[in-house]
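The following exercises ask the reader to work through parts of a predicted model. Each task is followed by a stepwise solution.

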Amino acid sequence: MRVTLAIEQDTAVIESMLSDYARWDDTVAFIQGNKADYLTSNFTGESVANLHVTSVVITKLDATPILKLTLSSEGTIGDMSADMLNTLTPYFKHISQLAIKEKLTSVLWLNNKPFLMVASPVTDTARKQTASGYMYALRRLDDQYIKRIQKTASIPFTLQPAVARIKQMVIVKQSEENSVKRWTASASLTNLPAEIIVGGPTRLLNERRITYWTLAGIAASLVAFSLVGIYLILNRRILRRLHEFSQLADRHRIDKDSSIRWPIQGKDELDNLSTSLNDLMAEVNARHQDLNFLAEHDPLTGIGNRRQLHNRLEAVQNRSRRQPSLASSLLLLDLDGFKLINDGLGHSVGDKVLQIIANRLLTLSRNYDTVARLGGDEATTHLGGSKTVTRLGGDEFAVLLEDTTPPHATLYAERLLRTLEQPIELEGQNLIIRGSIGITPAEASLTKEEIVRNADLAMYEAKRRGKGQIVMFSVGLLDKAHRRMQLEQALQHAMNSNLLEVWYQPIIAPHSGGVVGMEALSRWTFNENYIPPDEFIGIAETSGMIVQLGRFVLDQAGAALKDLRAEYPNLQCSVNLSVRQFRDTDLVADISACLHKHNLPADALKLELTESMLAEHEEDLLATMLNIVKLGCKFYLDDFGTGYSSLDRLRRFPIEVLKIDRSFVTPLGNGDDVMVRNIINIGHELGMKLIAEGVETETELSRLTELGCIQFQGYYFAKPMPLEDLRIWLASQ
């Protein structure tokens, strides 16, 4: 029983880990090829070791492996050996044919060596999609593992393949070695094809022999009266106590949780046996408590983990069903910018910060509230795959406030944010931590998973609004998440089926020849409804589809330029770029291929970046931008003045044109030209051209011209239009 319990506890940890990873939108995205950073974000030597596994494999539905990692004895991650993968492939195919719906745990005997394998279908966090593939976690049950379980169970044992027998039957055999009788017992592991074998010498052998000889001598030498007396003595000293022992054993078998204390009356052999049994039971209970603690607590911070949070949520909901007047609230806290601490100061500093944050949460909470860390070895992704989190930091916490209404939970959240912002001094650095908090009522009508999901949606809405925000869950957030999921799937279909369009808005220089260029803008209509570009481009950014979208727009713009330049040889076209195109593709090669495919000169193609892109990712962009400039292309800086403006950045980056944002053009109608005048002066001082965006009135055009801007873009001249409409519009000018 002790050996089985220890192995089942280990198995439960691995099953829990695999369930979280396999029911995660990021894993689905990785299988579909949309999560390039999945491996580096989630699997390092340290993280895999913390998962208590030695190998992780992800396959497609047809059992084709797409991720096959093995943890070496030195603690490093590498590809699984070909021999091992070939040996496992039949099992993967068997699992695929079974089409399992839930996790499946088994023991495999590979080259006579036991491996614990847990398999689970991969699906999304909401469990609404069909399986995308299968995820397998393997643990070598090697000598080191056996020794650890032997230490935990305090008994030596061995494992061997199971022998066919009645389920849960225990086979006990006796043997004699050097005149010492020994026993061995074997039993199958629960629901697993492995057998445990334990053994040892027979207990109370000498006592039994002495008792028999004593009784025989007394029977032969004493009269019946003496025999009766002896019987009474034996009954009081031995038989009655053995009967009591038997009753206690029966009670323990019926109620495993009952606390059994074997009675001690003196210092004889039975008392010695009672003492040993009491010590053994105390040790088993202590080990059981240790295992239960590890199963429900975060090993880094000592606070609860996801399992404990779910258990407490279930208890709170059950109580709410009995007493509807009792309200509880769940808070999810995600630390803003925590990845920078891990990357800049190291994970050891990050771990200390997490421990300090956990202590602050405990200080602010009541003793009956539940504080848990949800990060570390597991992942949470909200609907639609729009949440991208690096799980190495584990910077997400939860607080279940019992008997607390949402308004009071908001006050608690405000105190929490103020407490978080108190400086933390580590490694000579004064760190100020901020966080985003989502709050939701723990309603009895919802499942615990739905409550966590609602808080998660509110928390990521808080992050979207900016750092240090608090958002209360509303049904609108759920509708928004469902819409985002629907649009993400529809957008992928639209791009694969060429259902997106590219429209063009002319750029005008009225005093020097009319149309000088145009800007390519992506447009999408779904179910006969126009989807705003900001909405579907944001989805494309977070899902990784922006790379495919960027290539599509670049190719369409190149084809349009080739067609139009036959009649308008000096026409230019600007195309917007995203950070992911710089990071995830060979952007220089893509642009060069576009120019070559459509036989365009490099100066016909202009590339637009936003000011916030330069500010947040300048080190990632500069080298690629310089290589693109070598091709002959030029860069426009869009939305100038709305982000983190820096004259030094304008000097260092190869920017040819500044585009004045409409938010600065509109005030010209009220006579407010301060911002526009300064932007134009900056551009002229740096030798840059300027294009005013969003020009809609004669007053705006006149004032911009007076201030020195000579190129314009806006509804005053033309709206964005399809290529055929643009051709007609150009002909009319």
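**Exercise 1. Overall composition**

Task: Determine how many helices and strands the protein chain contains, and what share of its residues is buried.

Solution.
1. The protein chain of this predicted model holds 25 helices and 26 strands.
2. Of its 733 residues, 46% are buried.
3. Among contacts with a separation of 6 or more, 64% join residues that lie 24 or more positions apart.

**Exercise 2. An open sheet and its edges**

Task: Establish in which order the five strands of the open sheet are arranged, and explain why one side of β12 and of β17 is left without a neighbour.

Solution.
1. The strand order is β12-β13-β11-β16-β17, and the pairing is mixed.
2. β12 (370-373) and β17 (470-472) occupy the edges; each has a single partner strand, so one side of each lacks a neighbour in the sheet.
3. On average, neighbouring strands of this sheet are turned by 15° against each other, direction ignored.
4. Helix α14 (residues 448-465) lies across β11, β13, β16 (434-441) and β17. The helix runs at about 140° to β16.

**Exercise 3. The surroundings of β13**

Task: Describe how β13 pairs with β11 and with β12, and decide whether β13 is enclosed or open to the outside.

Solution.
1. β13 (residues 396-401) pairs with β11 (residues 329-336) in the antiparallel sense, over six bridges.
2. Within this pairing, Leu-331 stands opposite Val-399, and Leu-330 stands opposite Leu-400.
3. β12 and β13 are also paired in the antiparallel sense, over four bridges. Here Arg-373 has Phe-397 as its bridge partner in β13.
4. The residues of β13 point in two directions: Glu-396, Ala-398 and Leu-400 go one way, while Phe-397, Val-399 and Leu-401 go the other.
5. Burial applies to both sets. Because six of the six residues of β13 are buried, the strand is largely enclosed by the rest of the structure.

**Exercise 4. The packing of α12 against α13**

Task: Classify the relative orientation of α12 and α13, and list the residues through which they meet.

Solution.
1. The axes of α12 (residues 347-364) and α13 (residues 406-420) come within 11 Å and cross at roughly 140°.
2. An angle over 145 degrees would count as roughly antiparallel, and one from 65 to 115 as roughly perpendicular. The two helices are therefore oblique to each other.
3. The crossing of α12 and α13 is right-handed.
4. On the α12 side, the residues that meet α13 are Ile-357, Arg-360, Leu-361 and Leu-364. Their counterparts in α13 are Tyr-412, Arg-415, Leu-416, Thr-419 and Leu-420.

**Exercise 5. The parallel strands around β23**

Task: Identify in which sense β23 pairs with β22 and with β24, and state the handedness of the β-α-β unit.

Solution.
1. β22 (residues 605-610) and β23 pair in the parallel sense over five bridges. In this pairing Leu-607 faces its opposite residue in β23, Phe-635.
2. β22, helix α20 (residues 611-631) and β23 together make a β-α-β unit, and the unit is right-handed.
3. The pairing of β23 with β24 (residues 655-660) is likewise parallel, over four bridges. Phe-640 stands opposite Ile-660 in β24.
4. β23 (residues 634-640) is mostly covered, with five of its seven residues buried.

Conventions
Residues are numbered from 1 along each chain as its sequence is written. This is a predicted model: local features need pLDDT of at least 70, side-chain atom pairs count only at pLDDT 80 or more; totals for chains, interfaces and linings use all residues. Side-chain values use heavy atoms; hydrogens and water are left out. Two strands pair if DSSP finds at least two bridges between them. Axes are lines fitted to C-alpha atoms, for helices over the stretch in contact, and angles run from 0 to 180 degrees between N-to-C directions. Contact means heavy atoms within 4.5 Å. Buried means under 20% relative accessible area, exposed over 50%, partly exposed in between (1.4 Å probe, protein chains only). A crossover is right-handed if, with the strands pointing away from the viewer, the path from the first strand over the helix to the second runs clockwise. Angles under 35 degrees count as roughly parallel, over 145 as roughly antiparallel, 65 to 115 as roughly perpendicular and the rest as oblique. A crossing is left-handed if the near helix is turned anticlockwise from the far one by less than a right angle, and right-handed if clockwise.
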